[in-house]
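Student: Hey, can you walk me through this one? I'd like to go through it piece by piece.

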Amino acid sequence: MSGESKPLIIAESLSREYTLGETRVVGVNRIDWSVAAGELVVVKGNSGSGKSTLLSLLAGLDRPTGGRLIVSGWDVSRLSDKHLTQYRRKTVGMVFQSFNLMPTLNVMENVCLPALLAGEPYDAVRERADGHLRRLGMERRFDHLPSQLSGGEMQRTAIARALINDPAIVLADEPTGNLDSRNGTVVMDLLADLHRTDGRTVIIATHSDMADAHATVEVELKDGGIV
Ligand SMILES: Nc1ncnc2c1ncn2[C@@H]1O[C@H](COP(=O)(O)OP(=O)(O)OP(=O)(O)O)[C@@H](O)[C@H]1O
Ligand SMILES: [Mg+2]
């Protein structure tokens, strides 16, 4: 290996505009940006500045309306629906403010679900889920339903679920927004550990300053652009 390796994420004039009747609303506006593999990126910015929009594009949950987005060699801006689904499953894991767990599935089932949907056999998936949940301190909660968990436990379950397909990139949108400061600190430390110990690229959008100490890169958005 020689020379500098390519960035893991490359955004070129990346835009997402929403059209509401006659009105056009800017989500993100012509962002030029790149992220090297293994960074822990903290994305800041006021409400409405475009943080969630940017993370949704990176997650492949949404499509750009302009520009290009290349992630880990995938041209996310041009993928067919089928390939976008594959990209979502293989490359990224996402953690949300409101946890987004399936209420009728227990912890173990929630964590296994994305890998089972990808067609993997249950035994192998369960073993991996077991390892992630233990590492996250959830070994005594496998059979609990989300409604039987604390907020911090729900978010740790969601982190295990984000890891189940072994993604290079973990995206977290306001992951501590529904947690008290003690649980918030625990969750931020766990996310930081995915970068520090596993070498994953972790991108956290947050209003909180709890992630600052872990950041290797900080970006601030304003009106959909990087300040
Ligand atoms: N589905 C949508 N339809 C129309 N406009 C949208 C949609 N989603 C987001 N927007 C607009 O895009 C802009 C960026 O929103 P976004 O949710 O990315 O901000 P944010 O930085 O995540 O804010 P917050 O800190 O409140 O979560 C806002 O003006 C918002 O109103
Ligand atoms: Mg948001």
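Student: Okay, starting with the helices: is the crossing where α3 passes α4 left-handed or right-handed?

Tutor: It's a right-handed crossing as α3 passes α4. One thing to keep in mind from the start is that this is a predicted model.

Student: Got it. Which residues make that contact between α3 and α4?

Tutor: From α3 you have V107, M108, V111, C112, A115 and L116. On the α4 side, the residues are Y122, V125, R126, A129, H132 and L133.

Student: And how do the residues of that contact divide up by class?

Tutor: For α3 with α4, the split is 10 nonpolar, one polar and one charged.

Student: What angle do α3 and α4 pack at?

Tutor: About 125 degrees, with the axes 9 Å apart. Here α3 covers residues 107-117 and α4 covers residues 122-135. That angle makes α3 oblique to α4.

Student: You listed H132 in that contact. Which helix is H132 in, again?

Tutor: H132 sits in helix α4.

Student: What does H132 touch, if I skip residues up to four places away in sequence?

Tutor: Then H132 touches V111, A160, L163 and I164. As for L163, it is 31 residues from H132 in sequence, yet their C-alpha atoms are 7.5 Å apart in space.

Student: Why does H132 count as partly exposed?

Tutor: Because H132 has 19 other C-beta atoms within 10 Å, and a residue needs 20 or more to be called buried.

Student: Okay, back to α3. At what angle do α3 and α5 pack?

Tutor: About 30 degrees, and their axes are 7 Å apart. So α3 and α5 are roughly parallel to each other. The crossing of α3 past α5 is right-handed.

Student: Which residues make that contact?

Tutor: V107, N110, V111, L113 and P114 come from α3, while T157, A160 and R161 come from α5. By class, the contact of α3 with α5 has five nonpolar, two polar and one charged.

Student: How do α5 and α6 cross?

Tutor: Their axes come within 9 Å and cross at roughly 15 degrees. That's why α5 and α6 are described as roughly parallel to each other. The crossing of α5 and α6 is right-handed.

Student: Who meets whom there?

Tutor: G151, G152, Q155, R156 and I159 in α5 meet N183, V186, V187 and L190 in α6. The class count for α5 with α6 is four nonpolar, four polar and one charged.

Student: New topic, the ligand. Which residues surround ligand 1?

Tutor: Ligand 1 is surrounded by Y18, L20, V25, G27, G45, S47, G48, S49, G50, K51, S52 and T53. In terms of class, that shell has three nonpolar, eight polar and one charged residues.

Student: Which element gives the most to the shell around ligand 1?

Tutor: That's α1, with three residues. β1 (9-20), β2 (23-35) and α1 (51-59) each supply at least two residues of the shell.

Student: Is α1 mostly covered or mostly open?

Tutor: Mostly covered, since eight of its nine residues are buried. The buried ones are K51, S52, T53, L54, L55, L57, L58 and A59.

Student: What happens just after α1?

Tutor: G60 comes just after α1 and takes a positive phi of about 75 degrees.

Student: Which residue in the loop between β4 and β5 should I look at?

Tutor: Try S72, which is found in that loop, between β4 (66-71) and β5 (74-75). S72 has a positive phi of about 50 degrees although it is not a glycine.

Student: Is S72 buried or partly exposed?

Tutor: S72 is partly exposed, because it has 18 other C-beta atoms within 10 Å.

Student: Last one: where is E174 found?

Tutor: E174 is in the loop between β7 (169-173) and α6 (181-196). E174 isn't a glycine either, but it has a positive phi of about 50 degrees. With 18 C-beta neighbours inside 10 Å, E174 counts as partly exposed.

How values were computed. Residues numbered from 1 in each chain as written. Chains lettered and ligands numbered in written order. Predicted model: local features only at pLDDT ≥ 70, side-chain atom pairs only at ≥ 80, totals over all residues. Near = placed C-beta within 6 Å. Helix = DSSP H or I, 4+ residues; strand = E, 2+ residues; numbered from the N terminus. Nonpolar A, V, L, I, M, F, W, Y, C, P; charged D, E, K, R; others polar. Axes fitted to C-alpha atoms, helices over the stretch in contact; angles between N-to-C directions. Parallel < 35°, antiparallel > 145°, perpendicular 65-115°, else oblique. Left-handed = near helix turned anticlockwise from the far one by under 90°. Contact = placed C-beta atoms within 7 Å. Buried ≥ 20, exposed ≤ 12 C-beta atoms within 10 Å, placed from the backbone.
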